[in-house]
Each structure stands twice: as structure tokens, then as C-alpha cells.
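User: Please take a close look at one strand of this protein and what surrounds it. Keep it brisk, and give the cut-offs.

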Amino acid sequence: MARKLSPAERASEIFELPLESFAGVPKLTVTGRSYAVVEHHKGLSLYTKERIEVEGSRVRLCISGTDLSLAAMDREVLILRGEILSAEFE
């Protein structure tokens, strides 16, 4: 039996737009090990040089590494720099 689609998943399919546009989840783009862009965030809940936690509407994105820093941030996008060792959605 197929899994029932959420309203966000259905809208994504109908309008042919990325799921993150409807689901309220952060979109993470990592370039190499030293640069990351997070879109569709709801702010930070933790910020240290070893760990940055980014809030989404439904999930938290946890980025671990060394010498992490926030290069830029606005209401929609944040840019992180440093040595990125891992990223997990909780």
C-alpha cells in the first residue's frame, strides 16, 4: 500500500515546485567542507564554533564542525563557513 502524501507533498506535485517551498523545512546546500547555505530557516537555536542549530518549521538542522561561523544571515537565507564535519536533521 502506498504512503499517503501530506498536503505539502501534494501541493509540490500539483504545482511542480520543490517540496521545501511548501513543507517549511530548511534546504541545505554544502560546497566542499567549508561553505554551507541554509534556505527557508526560522532562526538559530544554538551557535558555537563547534555546533550550529538551525530551526525549521518542522525540523532542526544541526551542523557540527570546527571554527564554524555565520558569514551572513537574513530572514530567508544564512551562510555558514568553517570546517563542516556533519549535518543532521532532527
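Analyst: What follows is a walk along strand β5 and its surroundings.

This is a predicted model, in which local features need pLDDT of at least 70 and side-chain atom pairs count only at pLDDT 80 or more, while totals for chains, interfaces and linings use all residues. Residues are numbered from 1 along each chain as its sequence is written, and side-chain values use heavy atoms, with hydrogens and water left out.

Confidence comes first. pLDDT is the predictor's confidence in each residue, from 0 to 100. The protein has a mean pLDDT of 88, and 88% of its residues reach 70 or more. Confidence is highest in β5, at 97, and lowest in helix α2 (residues 20-23), at a mean of 62. Helices (H or I, at least four residues) and strands (E, at least two) are DSSP runs, numbered from the N terminus. Where pLDDT is low, the predicted coordinates should not be read in detail.

Strand β5 covers residues 60-73, and S64 is found there. S64 counts as buried because its relative accessibility is 16%. The classes are buried (under 20% relative accessible area), exposed (over 50%) and partly exposed in between, with a 1.4 Å probe and protein chains only. The side chains of S64 and R51 are joined by a polar contact of 3.4 Å. A polar contact is a pair of N or O atoms within 3.5 Å; within protein, one must be able to donate a hydrogen and the other to accept it, and residues adjacent in sequence count only if both atoms are side-chain atoms. Beyond four places in sequence, S64 touches E50, R51, E83, I84, L85 and S86. Contact means heavy atoms within 4.5 Å.

D67 also lies in β5. D67 is exposed, because its relative accessible area is 58%. Its phi is near 50°, a positive value in a residue other than glycine. Most residues other than glycine have a negative phi.

K49 sits in the loop between β3 and β4. K49 is exposed, at 52% relative accessible area. The C-alpha atoms of K49 and D67 are separated by 4.9 Å, though the residues are 18 apart along the chain. Leaving aside neighbours within four places, K49 is in contact with G65, T66, D67 and L68.

The largest nonpolar core has ten residues, including L61, I63 and L68. Such a core is a set of buried Ala, Val, Leu, Ile, Met, Phe, Trp, Tyr and Cys residues joined through side-chain atoms within 4.5 Å. β2, β4 (51-55), β5 and β6 (77-89) each supply at least two of its residues. I52 touches L61, C62, I63 and L68, among others.
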